[in-house]
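Colleague: I would like us to take a close look at a single part, the place where the two chains meet. Please go slowly, since I am still learning to read such models.

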Protein chains: 2
Amino acid sequence: MARAQWVGLMALIVQKFGGTSVADIERIRNVARRVKRAADAGDQVAVVVSAMSGVTDQLVKWVREASLQYDAREYDAVVSTGEQVTVGLLALALQEMGVKARSYLGWQVPVRTDSAHGKARIEAIDAAALLAEMGKGIVPVVAGFQGIAPDGRVTTLGRGGSDTSAVALAAALKANRCDIYTDVDGVYTTDPRIVAKARKLAKITYEEMLEMASLGAKVLQTRSVELAMKYRVPVQVLSSFSDAPGTLVVDEDEIVEQEIVSGIAYSRDEAKITLLGVPDRPGVAAAVFGPLAAANINVDMIVQNVSHDGKLTDMTFTVPRGDLQRSTKVLEEAKSGLKFERIASDSSVAKISVIGVGMRSHAGVANTMFGALAEKGINIQVISTSEIKISVLIAEDYTELAVRALHSAYGLDRD
Amino acid sequence: MARAQWVGLMALIVQKFGGTSVADIERIRNVARRVKRAADAGDQVAVVVSAMSGVTDQLVKWVREASLQYDAREYDAVVSTGEQVTVGLLALALQEMGVKARSYLGWQVPVRTDSAHGKARIEAIDAAALLAEMGKGIVPVVAGFQGIAPDGRVTTLGRGGSDTSAVALAAALKANRCDIYTDVDGVYTTDPRIVAKARKLAKITYEEMLEMASLGAKVLQTRSVELAMKYRVPVQVLSSFSDAPGTLVVDEDEIVEQEIVSGIAYSRDEAKITLLGVPDRPGVAAAVFGPLAAANINVDMIVQNVSHDGKLTDMTFTVPRGDLQRSTKVLEEAKSGLKFERIASDSSVAKISVIGVGMRSHAGVANTMFGALAEKGINIQVISTSEIKISVLIAEDYTELAVRALHSAYGLDRD
C-alpha cells in the first residue's frame, strides 16, 4: 500500500535540480517542462533548485578577493544570491508554460537553521505557507542551500546543501518522494568510468547510500541521506537529461531481494601517516589524536601494531590527503609530549570499500575481498570494518585493478 | 547653526555609491576607503549601494529570456540579487580595513514599500535597528533599490532607485546629509559635453534639481529629489573618483546669492503630434487625451490653436519619442469618436528648458530666451512654462546651438 502511493495515485513530490540542470535559460526551460509534466499528471509538486553552475564559484571568488579572513555572515549574504536568481527564473519559465508558480527564498518559507554561517544545519521548516499555496494549485520553487538564522540573517548550508534542503522540505511536507535530478542517471554498483560492466541499482538502502556518499561517490550530500533515513523519505536519484528511471534510496524493508554486496566504492582522497617508535602504554592514542582533532583534522582508519618488546610500537592512520602536511606539522609540534621516534607518511594510497547491508547476515564477505585482492597481488596496508562495510587501504596505483577485481568477485558485473 | 552641523562637528551621513563606483572589487575597496575616511573623522556613516554596473542588465536579460510577459514579483526576486552581492562585498572590504560593518537587505532593515513590483514606492523605513548598530560603532551597508512588500515579497524601486533608497534612509535616520557618489562630480549649469564653458554649481535648490532631473539631466532620480525636498534632506552630488567638492541640493533659504537662472536643460526624448481639423468644442481635449492616458502614455506640452472659423482647430502636443507609434495608433483607433481630419507627427524635435527659482521674482526671463533663439534663427514650435521653468520645443538639429546661445544669454558661461 505504501508503495502504491507513488506508483499510480496522485502524490506529493519534491523535485530537486542541481546546478548543471539549471546552467542556462534553455536548461531552466527544460526543468520547467519536467515539472509541468508531473503537475499535469496530477501530482502536487514542490521544486528546490541550486544556483546556475559556475555562479556560486564566481561569488565565492569575489568574497575571497574582498576579504581573506572573511566574515561568514557576509559570505552567506553574497553566495545565497545564486539560488535566488534561479528560483525567480524557474518560476517565470513555469508561468510562461501556463503553470502557476512562485519563488520562495529561505527566509520566506521559512527554512530555520542554526547560526553556523557557511555550514548551517536546518532546524525546522515551517511548511504551512507552502502547503496552503500548493492547495491552490501553485508550484512553490524554493531556493536550496539557504535558510535564516535565529537573528534574521541569511545562512547557507555548505556546498551541495541543496540536496539537504530538498530532503528536509520533503520531510516537512510529508512528501511521498524526493526526486534528486542530477547529471548522472542513478547510483551504480561502482564508478562506470572504471568498470564498464557497472550496473545501475534500482534500489539501495539509506545505510548503503550513506556509506557510498561518505566514501566519495558524490551523488548525494551525506547530510541529505542522514535526513532521508531519519524521516524515512524515499529519495530517487535520476538524470535531468534523460527519462530513464533512476535509483530509489529506501528503507531496508522496501527491498525484497537484497544482494549481499551492493557496491564497491573507492576514495583517492587519502594519506597514510605512521608514527614509529611510540611508547606502548595507555593514553598514547589520546595524545596522538587529541592535537589532530583540535586542528579539525578528520582521522579515519587507525591501526596500532602489536608491540614486539612491550615498550615501543607503531601507529598507522589515515587523514584526508589535503590535510597531510598540516597533520605532520601538528604532530611534530606535539612531539615533546608524544615521544615518538619518527613520522613516515604516504600520500599515494587509496581506500577501497565493499558495501552491503546483506553482509550483516552473511559470513565470508571479508574473505572474498581478501582473496580477490591477493589473487591480483595487491597488498592490503590497513583494514577497517563496520556493520555493512569493509574498507582496505592499498597503494593508489592498484585502485582500478582492485575495484574491477572486487566488482567481479561479488558478482556485480552486468551480463 | 544648522549649517555648522555639517561643516565641522560630528555628523550622521548617508553615503550612496552607484554601479560604476562598485563595478569591481578594486573599486569596492576604493569605496571602502572613502567610508573609512568619514568614519575615522568621527562621523556616523550609513552606506547605500547599487549593483555592480552591468549586473542588473544581465539579470534583466535573463528574466526576459525566461518569460516575455514576466511576473514583476519574480523579476524583483531575481533583479534584487545585484545589490545583495554588493552589500556583502562592501561590508567585507570595510571589515578588511578594520571598520566594523554589516550588510542589510531591504527586508532586514526593513524598508517597507507598497506592492507595485518593479516600481515600488517606499512607505516607511524602520531605522531603529540601524541606529542601534550605529550606536555601537558599526557601519550599516544597506542594499539600495529594494524593499519588502506588505505580503513579505521582495520589491524593487525601478531603475535608479538606489538614490531614492539613500534619501529615504537619510530622512529616516534624520541624517545631516546624504552624499550621492556618482560618475560625475556635481550638477552643471548645462551639459558640459555641449557647452565647454558650463560651470559646476556649488548649490542648487530642490525645485530646480527636480526640473533638471525630470528634464533629462540624469544625475539624480526624480523621486529621490522629491523625497529630499519633502523631508528637507540636504543632498550632495559628488564623484567617487575625485575629492573635488560636489553640488549641494538644498532649500531655497540656504542659498544666499540666488541666480535668476541656474541651468539650461534639454531633452531629445520628444516627439510632436498634431491633430488637424479637430472640432472646436468643449470636451475635445478629454476625448483626445483620455485614450492616451488609458494607454499609459505621458503627454507633456500641449497647445491648442485658436480656431479661425469657429468650427475646426488644430491641437499639438508632445509624447516620449518611444511612445510615438503607439500614440498615433491609439488615436487612429479612437478616430470615430474624436473626429479629426488627420494626424501629423514629427520625431525630430527637442525640448530646451531654462530653469531657475529666481525667475519667480524677475520679469523678462522669457523675453531673453525668445530673443536669444530668434537671433540664431531658431523657430519655436511650442512653449510651456511653470513657476521656475520655461520650455520650448524646437527642431532637434538646433539643440546644441540653442543650449549654447541660452547659456551665454543668461550669463552662465564660465570666465
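Which rotation, and what shift along its axis, superposes chain B on chain A?

Modeller: Please keep in mind from the outset that this is a predicted model, and that every value below is computed from it. Chain B is superposed on chain A by a rotation of 179° with 0.1 Å of shift along its axis, and the RMSD after this step is 0.1 Å. The two copies are therefore related as by a two-fold rotation axis. If you look along chain B for the C-alpha nearest that axis, you arrive at Thr81(B), whose C-alpha is 2.8 Å from it.

We can now turn to the contact between the chains, where 27 residues of chain B are in contact with 27 residues of chain A. On the side of chain B that touches chain A, at least two residues each are supplied by α1 (25–40), α2 (55–66), α3 (72–79) and α4 (81–96) of chain B. Of these, α4(B) gives the most, with 11 residues. Sorted by class, this side of chain B has 15 nonpolar residues, eight polar ones and four charged ones. It is also worth asking whether each copy uses its own patch or a shared one: 100% of the interface residues of chain B are interface residues in chain A as well, so the copies meet through the same surface.

From the interface we can move to the nonpolar interior. The largest nonpolar core has 245 residues, and the members that touch the most others are Leu90(A), Leu169(A), Leu90(B) and Leu169(B). Taking Leu90(A) as an example, and leaving aside its neighbours within four places in sequence, we find it in contact with Val22(A), Ile28(A), Val31(A), Ala32(A), Val47(A), Val49(A) and Val141(A).

Finally, a view of one whole chain helps to place these details. Chain A contains 13 helices and 20 strands, and it is divided into domain 1 (11–183) and domain 2 (271–346), with the C-alpha centres of these two domains lying 42 Å apart. Along the principal axes, the C-alpha atoms of chain A fill a box of roughly 80 × 55 × 35 Å. The radius of gyration of chain A is 24 Å, which agrees with the value near 22 Å for a compact globule with 415 residues. Of those 415 residues, 48% count as buried.

Methods. Residues are numbered from 1 along each chain as its sequence is written. Chains are lettered from A and ligands numbered from 1 in the order in which they are written. This is a predicted model: local features need pLDDT of at least 70, side-chain atom pairs count only at pLDDT 80 or more; totals for chains, interfaces and linings use all residues. Two residues are in contact if their C-beta atoms, placed from the backbone, lie within 7 Å. Helices (H or I, at least four residues) and strands (E, at least two) are DSSP runs, numbered from the N terminus. Ala, Val, Leu, Ile, Met, Phe, Trp, Tyr, Cys and Pro count as nonpolar, Asp, Glu, Lys and Arg as charged, and the others, Gly among them, as polar. Copies are superposed by least squares on the C-alpha atoms of residues with pLDDT of at least 70 in both. Domain bounds come from an automatic or database domain assignment. The radius of gyration is taken over C-alpha atoms; the globule rule is 2.2 Å times the number of residues to the power 0.38. A residue is buried if 20 or more other C-beta atoms lie within 10 Å of its own, exposed if 12 or fewer, and partly exposed in between; C-beta atoms are placed from the backbone. A nonpolar core is a set of buried Ala, Val, Leu, Ile, Met, Phe, Trp, Tyr and Cys residues joined through C-beta atoms within 7 Å.
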